[in-house]
Amino acid sequence: MTSPKVLPFHKTIPRLVKDPVTELARMGAEAGGRIVRLNLGPFRPYLVSHPDHVQQVLKTEWSNFLREGMFWRPVRRLTGQGILREGEDWASTRKILQPLFTARYMASLAEDMADAIAERILELDDHARAGRPIDGAGQMTAIVNQAVVKVLFGGRISRDTAERLAPEFATCATTIGFRLLFPFVPYSVKVPGDRAFLRAMKNIDEIVYPLIEQARREGAGIGKMDLISAVLTSRTGQDGKGDLRQVRDDLVSMYATSTETTAMSLTWLWAVLHEYPAVSARLHEEIDRVVGDGPVRPEHATRLPYLHMVLQELLRLYPAGWIIPRQAVADTEIGGVRIKSGSQVLISPYTTHRLPEFWDRPLEFDPDRWAGESTRRHRYAYFPFGAGPHSCLGQNLFNVEAPLVVAGLLSRYRLVLTNPQRLIPVPGASARPKQQLLLRLMPIERNRPT
Ligand code: HEM
């Protein structure tokens with residue numbers, strides 16, 4: 001048996017309080033991929049970052065590393081029972097939801113999604129004309145929200161209601177940060193963010209329950225493939241009687257996992273393009289050539305290889321799912337380190353994706369590293385969507401949606417960052433930039449034939 005690298009309390013806490021996402025990545029890199037034990041006082045999780053160890057925890061020994069323990073408590077306050085849990089509850093939910101997120105099914109929704117995204121992007125023209133910078137994170141959330149509600153609620157939700165839902169989820173995603181960092185603090189003790197989190201949760205319920213009631217009254221509808229119909233039918237039976245709480249938990253879980261992750265990933269992109277003008281120029285050139293005046297349609301997405309590489313690289317350096325916590329069920333061993341039952345294990349794609357042992361120039365944004373299929377890379381050196389049985393259900397949705405959003409925006413505007421600065425990722429449900437990104441939209445002039 002070997003010992004993990006132990007980081008003492010007086011070194012761990014100040015680093016994690018200052019800039020936790022970046023510091024975890026540094027700790028993993030300093031340990032050269034070895035297991036690190038973090039002394040956080042009342043509890044001492046293991047930071048696991050070597051791809052072999054990631055594979056063991058998420059895939060080969062996944063049933064010994066469950067999504068239990070204090071890290072999951074704050075998330076489940078919002079999402080309740082279902083897909084983000086474990087055991088039978090999770091397995092049966094995954095069976096219900098999986099058919100709604102296959103590549104083929106997503107492709108069938110792509111035209112509708114493209115319309116929804118294009119429509120929302122058009123609204124930015126007002127800002128462009130007025131020369132008013134937009135808030136990057138806010139606008140990415142609004143665009144993604146518009147696309148996602150189509151998938152989740154079909155035509156059952158009004159524009160106004162959908163727009164009220166997005167900021168409530170964004171509030172939950174940000175105010176959960178303290179609880180995620182200090183999960184051992186009991187709920188009887190109020191911490192920063194608690195009040196706003198609970199208020200947003202109440203507001204979400206006040207929007208979601210009436211939608212469920214309405215869908216139940218209208219009938220889930222044979223052949224209707226939106227999420228709310230599928231979940232209602234399987235949870236409440238054909239007669240529509242049954243537990244609405246579970247339907248609520250399913251919808252809230254799916255909304256929470258689908259919007260914030262995608263919106264925050266896309267927010268980082270604008271900071272990256274500012275820092276790497278050559279990448280930005282090449283991306284504009286490709287989109288200009290393939291999409292031209294637009295609007296962007298799903299068939300364009302298959303002809304934008306550089307955009308796909310940019311997105312892959314974006315998810316390497318800024319994986320929104322920055323932390324994947326697990327709890328060991330039985331005693332085991334990872335990389336020669338004994339892990340006792342009940343121990344907390346933290347996997348961080350953000351950390352593994354930046355390990356110099358597995359990535360050349362790890363901190364450089366270089367989409368070309370994705371040119372051609374690399375067979376040299378360890379399969380578990382890159383896992384922005386997780387791995388194993390709990391791997392992300394929304395990967396196909398992201399693959400359809402993200403190119404439509406980016407190509408839609410860049411075929412219309414140059415997005416100029418007006419307040420460049422070093423961005424710090426803050427931990428919330430996703431890693432989001434701490435600072436606001438203000439973007440000026442410069443309409444792209446094309447020479448149209450007269
Ligand atoms: C950039 C976008 C996204 C990223 C980076 C991301 C990341 C992740 C990661 C790392 C996991 C693994 C969690 C774990 O093992 O505990 C996960 C799971 C999950 N994701 Fe995503 N996700 C993204 C988009 C989406 C979207 C669009 C959806 C909507 C359908 C979604 C739905 C889910 C669900 C339901 C799970 C849990 C699956 C299970 O436990 O069976 N995600 N995601």
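In this predicted model, the iron atom of the ligand takes a single donor from the protein. That donor is the SG atom of Cys392, 2.3 Å away. Cysteine 392 sits in the loop between helix 17 (349–352) and helix 18 (395–410).

The largest nonpolar core comprises 122 residues. Phe101, Phe153, Trp270 and Leu409 have the most contacts inside it. Helix 13 (residues 244–275) supplies the largest share of this core, 15 residues. Apart from it lies another core, of 17 residues. Val48, Ile324, Val337 and Tyr380 are among the residues of that other core. Within the largest core, leucine 409 can be followed in detail. Beyond its neighbours within four places in sequence, leucine 409 contacts Ile121, Leu124, Met140, Ile143, Trp270 and Leu415. In soluble globular proteins, nonpolar side chains tend to be buried together.

Threonine 141 belongs to helix 8 (residues 136–153). Its relative accessible area is 13%, so threonine 141 is buried. A polar atom of the threonine 141 side chain lies 2.7 Å from the backbone oxygen of alanine 137. Residues up to four places away in sequence aside, threonine 141 touches Ala166, Ala263 and Met264.

Six strands build an open sheet with mixed pairing. Their order is 1-2-3-9-6-4. Strand 1 (5–7) and strand 4 (65–66) occupy the edges. Each has a single partner strand, so one side of each is left without a neighbour in the sheet. Strand 2 (residues 36–38) and strand 3 (residues 46–48) run antiparallel and are joined by two bridges. Here arginine 37 stands opposite tyrosine 46. Strand 3 also pairs with strand 9, in the parallel sense, over three bridges. Tyrosine 46 faces valine 345 of strand 9 in this pairing. Strand 6 and strand 9 run antiparallel, with four bridges between them. Proline 325 has leucine 346 in strand 9 as its bridge partner.

Both faces of strand 9 are covered. Gln344 and Leu346 are buried on one side, Val345 and Ile347 on the other. In a regular strand the side chains alternate between the two faces of the sheet. Helix 3 (residues 51–60) lies across strand 3, strand 4, strand 6 (324–328) and strand 9 (344–347). The helix runs at about 120° to strand 9.

Glutamine 344 is a polar residue of particular interest within strand 9. With a relative accessible area of 7%, glutamine 344 is buried. The side chains of glutamine 344 and glutamine 327 are joined by a polar contact of 2.8 Å. Arginine 326 is 18 residues apart from glutamine 344 along the chain, and their C-alpha atoms are separated by 5.9 Å. Leaving out residues up to four places away in sequence, glutamine 344 touches Phe43, Pro45, Tyr46, Glu68, Gly69, Met70, Phe71, Arg326 and Gln327.

Helix 2 (residues 20–30) is largely enclosed by the rest of the structure, because eight of its 11 residues are buried. The buried residues are Pro20, Val21, Thr22, Glu23, Leu24, Ala25, Met27 and Gly28. Just after helix 2, glycine 32 adopts a positive phi of about 60°.

Definitions and conventions
Residues are numbered from 1 along each chain as its sequence is written. This is a predicted model: local features need pLDDT of at least 70, side-chain atom pairs count only at pLDDT 80 or more; totals for chains, interfaces and linings use all residues. Side-chain values use heavy atoms; hydrogens and water are left out. A nonpolar core is a set of buried Ala, Val, Leu, Ile, Met, Phe, Trp, Tyr and Cys residues joined through side-chain atoms within 4.5 Å. Buried means under 20% relative accessible area, exposed over 50%, partly exposed in between (1.4 Å probe, protein chains only). Contact means heavy atoms within 4.5 Å. Two strands pair if DSSP finds at least two bridges between them. Axes are lines fitted to C-alpha atoms, for helices over the stretch in contact, and angles run from 0 to 180 degrees between N-to-C directions. Donors are N, O and S atoms within 2.8 Å of the metal (3.2 Å for Na, K and Ca); water is not among the atoms, so sites may look incomplete. A polar contact is a pair of N or O atoms within 3.5 Å; within protein, one must be able to donate a hydrogen and the other to accept it, and residues adjacent in sequence count only if both atoms are side-chain atoms.
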